[in-house]
Amino acid sequence: MGFFFEINSMNYWIIKSEPNKYSYTQLEKDGRTFWDGVRNYQARNNLREMKKGDLCCYYHSNEGKEIVGLAKVVKESYQDPTTEDKNWVVVDVEPYEKFKSPVSLSKMKEVKSLENLGLIRNGRLSVIKITKKEFDVILKLSAQE
DNA sequence: GCCAACGTTGGC
DNA sequence: GCCAACGTTGGC
């Protein structure tokens, strides 16, 4: 029964990183990392809401401007170890799946069903909640050439 | 490098 | 509690 609860409570996210700071390739090399450096309350609240097993679209900002793959939340939020400030938290993520074809921002802007995507509506937020529908559309795009 | 969009800070 | 000033992010 808990099984169904897990499925229903699952959330989907977009997390952003500049590839020259921490790329998806680096995450694959490391095998696991804590998602630090979030200093925005809205993004922080999203981090707190993340549950183990949630999937995150990994977006490369500035360079690439595309979602390159998926990461999985493997540990829920805890104090950001890089600061004493109790306001900030991290989660642990692992690489989950690298996309065959990355999904570019320009592509997503073209897609009608993604017009309300948080990434497009508020480009500055670094941790974005998305719907299952949006997630599915992105996955579909990643399977295309 | 520019600038729009947004968040934060601090004076009143 | 308002709002001007400032800082940051990130697309272009």
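For what follows, a residue counts as near a strand if one of its heavy atoms lies within 4 Å of it. With that in hand, let me turn to the predicted model in front of you, and to the protein surface around DNA strand C.

Of the atoms of DNA strand C that come within 4 Å of the protein, 73% belong to sugar or phosphate, and the rest belong to bases. On the protein side, the residues around this strand are K16, Y59, S61, N62, K65, L105, K109, G123 and R124, and by class that surface has 4 charged, 3 polar and 2 nonpolar residues.

Let me go through some individual contacts. An N or O atom in the side chain of Y59 is 2.8 Å from a phosphate oxygen of DNA strand C, and for the side chain of K109 the corresponding distance to a phosphate oxygen of the strand is 2.6 Å. The side chain of R124, by contrast, has an N or O atom 3.2 Å from a base oxygen of DNA strand C.

I would also like to dwell on two residues of that list, N62 and K65, from the point of view of the backbone. N62 lies in the loop between β3, residues 55-60, and β4, residues 66-79, and K65 is found in the loop between β3 and β4 as well. Phi of N62 is near 65 degrees, a positive value in a residue other than glycine, while phi of K65, likewise a residue other than glycine, is positive at near 50 degrees.

As for accessibility, N62 counts as exposed because its relative accessibility is 54%, where the cut-off for exposed is over 50%, whereas K65, at 43%, counts as partly exposed.

Technical notes:
Residues are numbered from 1 along each chain as its sequence is written. Chains are lettered from A and ligands numbered from 1 in the order in which they are written. This is a predicted model: local features need pLDDT of at least 70, side-chain atom pairs count only at pLDDT 80 or more; totals for chains, interfaces and linings use all residues. Side-chain values use heavy atoms; hydrogens and water are left out. Helices (H or I, at least four residues) and strands (E, at least two) are DSSP runs, numbered from the N terminus. Buried means under 20% relative accessible area, exposed over 50%, partly exposed in between (1.4 Å probe, protein chains only). A polar contact is a pair of N or O atoms within 3.5 Å; within protein, one must be able to donate a hydrogen and the other to accept it, and residues adjacent in sequence count only if both atoms are side-chain atoms. Ala, Val, Leu, Ile, Met, Phe, Trp, Tyr, Cys and Pro count as nonpolar, Asp, Glu, Lys and Arg as charged, and the others, Gly among them, as polar.
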